[in-house]
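I opened a fresh notebook page for this one. Here is what I looked up, entry by entry.

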Amino acid sequence: MAVTGIIIIGFVVAHMVGNWKIFLPDVDGVPDIDIYAHALRELLVPFIPEHVTLWILRTGLIVAFLLHIHAAYALTIMNRQARSEDYRGPRNYIAANYASRTMRWSGVIFLLFLLFHLADLTWGTHPMAPEVWERGEVYANFVATFSRPAVTAFYVAAMVALGFHLYHGIWSMFQSLGVNNPRFNNWRRYLATGLTALIVVGNAIMPLAVLFGFIE
Ligand code: HEM
């Protein structure tokens, strides 16, 4: 769970920093983010054919997601087997906080977001996708989709759900990797809070910037 989580967090941070190119000015009349998206498809060309490196990276990410979900499923089963009876009274949570108790829910909400996100911006296929969607026109697709308040609101809500999931995920990662000495607890908390805030705010500002007309 921890290793695949680190790979996914690495992708999310790299994806966010790459997307910040939406704030940069055009280069010779072409949006910077479109040049970047094109360069990703051409990664390592001419040594490796176009799209191949990107597909290798995509495959790694898909495998990481599948293993992460599989580990979550296995943990749920182990949890149930460890206590076959339901609790008789209301639970008195001591070590578990809100984020840790909602990991499965925030995970499922995030998965639904991801499906919508891919259909919306990568495939341009779902019934609610902007009519003007066009392959490779990342800037135009970006503005078209986030100009709709409902889509921007959904993205911001999904980032908050991701935030809950990440906060507990980053905190528990150290436990899973055996770094659980109480001396490090403050650092674990700082890292979980800082990285979660960076990812939630850093992602949410992009749809909001379009909706409020800072990017058009
Ligand atoms: C507000 C936040 C986000 C914005 C603005 C955003 C933007 C985009 C855009 C514009 C694309 C299409 C790129 C292209 O066609 O070249 C894309 C693809 C993608 N996004 Fe996001 N994204 C966000 C959050 C996320 C998050 C949190 C994840 C988490 C896993 C994610 C995963 C992906 C994936 C897997 C793809 C497909 C990449 C590929 O084609 O290989 N995105 N995103």
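**Entry 1: the nonpolar patch**

I started on the surface and found a nonpolar patch of about 810 Å², made by Val3, Ile6, Ile7, Leu177, Val179, Phe184, Trp187 and Tyr190. I keep in mind that this is a predicted model.

Which helix gives the most to the patch? I found that α1 does, with three residues. Both α1 and α8 (185-211) supply at least two residues each.

Leu177 sits in the loop between α7 (149-176) and α8. Its relative accessible area is 48%, so I noted Leu177 as partly exposed. Phe184 is also placed in the loop between α7 and α8. With a relative accessible area of 35%, Phe184 is partly exposed. I also checked Phe184 against Thr76: they are 108 residues apart in sequence, and their C-alpha atoms are 27 Å apart.

**Entry 2: the chain as a whole**

Next I stepped back. I counted eight helices and zero strands in the protein chain, which gives the pattern α-α-α-α-α-α-α-α along the sequence. The C-alpha trace spans about 65 × 45 × 35 Å along its principal axes.

The protein chain has 216 residues, and 34% of them count as buried. It exposes about 13900 Å², with carbon and sulfur atoms supplying 68% of that area. I then took the contacts between residues at least 6 apart in sequence: 65% of these join residues at least 24 apart.

**Entry 3: the iron site**

Which protein atoms serve as donors to the iron atom of the ligand? I found NE2 of His15 and NE2 of His117, lying 2.0 Å from the iron. His15 belongs to helix α1 (residues 2-19) and His117 to helix α5 (residues 103-123), so this pair ties together parts that are 102 residues apart in sequence.

Why is the arrangement octahedral? There are six donor atoms around the iron atom of the ligand, and the angles they subtend run from 86 to 179 degrees, which makes it octahedral. For that label, opposite donors must be over 155 degrees apart and all others between 65 and 115.

I compared the cover on the two histidines. His15 is partly exposed, at a relative accessible area of 32%, whereas His117 counts as buried at 15%. The cut-off for buried is under 20%.

**Entry 4: a covered helix**

I looked for a helix that is mostly covered and noted α6 (residues 138-146), where seven of the nine residues are buried. The buried ones are Tyr139, Asn141, Phe142, Val143, Ala144, Thr145 and Phe146.

What do the buried residues of α6 pack against? I found four partners in the list: α2 (32-41), α5, α7 and α8. Among them, α5 is the helix that holds His117 from the iron site.

**Entry 5: salt bridges**

Side chains of opposite charge can pair when their charged atoms come close. How many salt bridges are there? My count came to two.

One joins Asp32 and Lys21, with the closest N and O atoms 3.8 Å apart. Asp32 lies in helix α2 and Lys21 in the loop between α1 and α2, so the pair ties together parts that are 11 residues apart in sequence. Asp32 counts as buried at 16% relative accessibility, while Lys21 is partly exposed at 26%.

The other joins Arg148 and Asp120, with the closest N and O atoms 3.5 Å apart. Arg148 is in the loop between α6 and α7 and Asp120 in helix α5, so here the parts tied together are 28 residues apart in sequence. Is Asp120 buried or exposed? Its relative accessible area is 0%, so I wrote down buried. Arg148 comes out as partly exposed, at 24%.

**Entry 6: backbone oddities**

Last, I went through the backbone angles. Most residues other than glycine have a negative phi, and most peptide bonds are trans.

I found a cis peptide bond from Val45 to Pro46, with omega near 10 degrees. Pro46 is in the loop between α2 and α3 (52-82).

Where is His51 placed? It is also in the loop between α2 and α3, and its phi is positive, near 75 degrees. His51 is partly exposed, with a relative accessible area of 35%.

Asp28 has a positive phi as well, near 50 degrees. This residue lies in the loop between α1 and α2. At a relative accessible area of 78%, Asp28 is exposed.

Conventions: Residues numbered from 1 in each chain as written. Predicted model: local features only at pLDDT ≥ 70, side-chain atom pairs only at ≥ 80, totals over all residues. Heavy atoms only, no water. Donors = N, O, S within 2.8 Å, 3.2 Å for Na, K, Ca; no water. Tetrahedral: all angles 85-135°; square planar, octahedral: opposite > 155°, others 65-115°. Buried < 20%, exposed > 50% of the residue type's maximum accessible area, 1.4 Å probe, protein only. Patch = residues over 30% accessible without salt bridge, like charges linked within 9 Å, V, L, I, M, F, W, Y side chains within 5 Å. Areas by Shrake-Rupley, 256 points an atom, 1.4 Å probe, with all protein chains shown as cover. Salt bridge = Lys/Arg side-chain N within 4 Å of Asp/Glu carboxyl O. Contact = heavy atoms within 4.5 Å.
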